[in-house]
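Please read this briefing alongside the model, which is shown here before the notes on its core and its charged side chains.

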Amino acid sequence: MGSGRERWIEHYSSAQEILLVGEGDFSFSACLARTFGSACNMVATSLESQGSLRSKHWSCLSHLSELKRRGCLVLHDVDVYEMDLHPALQWRKFDVIVFNFPHAGHFPWLRERNPQLIQMHKNLLKAFFENARGMLREGGEVHVATRDDYPYNRWNVEELAEEAGLVLMEKVWFKKSDYPGYQNKRGGDIKSNKTFRLRNCFTFKFALQQYEYDYTCDEMSVCSDDFI
């Protein structure tokens with residue numbers, strides 16, 4: 001970052017190196033960029049190619065223009081299953097990696113409570129956590145915003161993160177109004193640019209687990225960065 005005072009919006013600061021994953025129309029990234037004044041500290045990514053993004057999320061155009069103007073690196077065709085291998089990402093480390101409302105896709109024959117779709121969501125998050133943990137700086141965090149009511153709580157977000165070596169630091173309410181201009185998009189191939197109802201939404205904030213050997217009790221204890 002260049003000179004100038006540090007600016008904050010909720011959990012995010014202009015002094016942090018921030019990776020945003022799975023952006024819809026890039027309105028969340030644009031909100032952060034406007035607050036910071038500069039987006040040189042940000043990398044914003046989408047699963048979609050540049051062409052499919054514009055057809056699915058035509059509201060993205062003004063946000064992409066603003067991000068480019070403010071110096072954000074925007075990447076397309078970034079899959080969380082292998083994002084750590086992306087040429088523009090594989091050597092970078094981040095203070096915060098953000099995945100807002102991850103979703104494995106919409107299918108006419110599957111409802112959200114269907115076990116098959118729940119497993120697809122879990123597979124997506126598992127891959128994300130496993131990739132994200134190796135892309136963090138020391139003391140960095142992984143943030144996932146999602147609903148925490150049925151059937152979304154069947155995704156077992158905390159358990160999946162723990163399996164990837166991440167520990168829950170904090171769970172805080174996600175309020176859309178805290179991010180002016182943000183529009184949560186369905187994505188996928190069905191009504192892609194429509195918003196969806198946000199209920200019982202939280203941001204789960206995870207950090208890397210660290211292991212300390214306790215010589216007094218001769219056993220391994222697991223601690224998060226902030227509690228060491």
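The notes below cover the basis of the values, the nonpolar core and the salt bridges.

This is a predicted model, in which local features need pLDDT of at least 70 and side-chain atom pairs count only at pLDDT 80 or more, whereas totals for chains, interfaces and linings use all residues. Residues are numbered from 1 along each chain as its sequence is written, and side-chain values use heavy atoms, with hydrogens and water left out.

**Nonpolar core**

- The largest nonpolar core (buried Ala, Val, Leu, Ile, Met, Phe, Trp, Tyr and Cys residues joined through side-chain atoms within 4.5 Å) has 32 residues, and Ile 97 and Phe 128 are among those with the most contacts inside it.
- The largest share of this core, six residues, comes from helix 4 (helices are DSSP runs of H or I with at least four residues, strands are E runs of at least two, and both are numbered from the N terminus).
- Ile 97 lies in strand 6 and is buried at a relative accessible area of 0% (buried means under 20%, exposed over 50%, and partly exposed in between, with a 1.4 Å probe and protein chains only).

**Salt bridges**

- There are eight salt bridges, each defined as a side-chain nitrogen of Lys or Arg within 4 Å of a carboxyl oxygen of Asp or Glu.
- Glu 66 and Arg 34 form one of them, at 2.9 Å from N to O; because Glu 66 lies in helix 3 and Arg 34 in helix 1, this pair ties together parts that are 32 residues apart in sequence.
- Glu 66 is buried at 9% relative accessibility, whereas Arg 34 is partly exposed at 34%.
- Arg 34, Glu 66 and Arg 70 are linked in a network of salt bridges.
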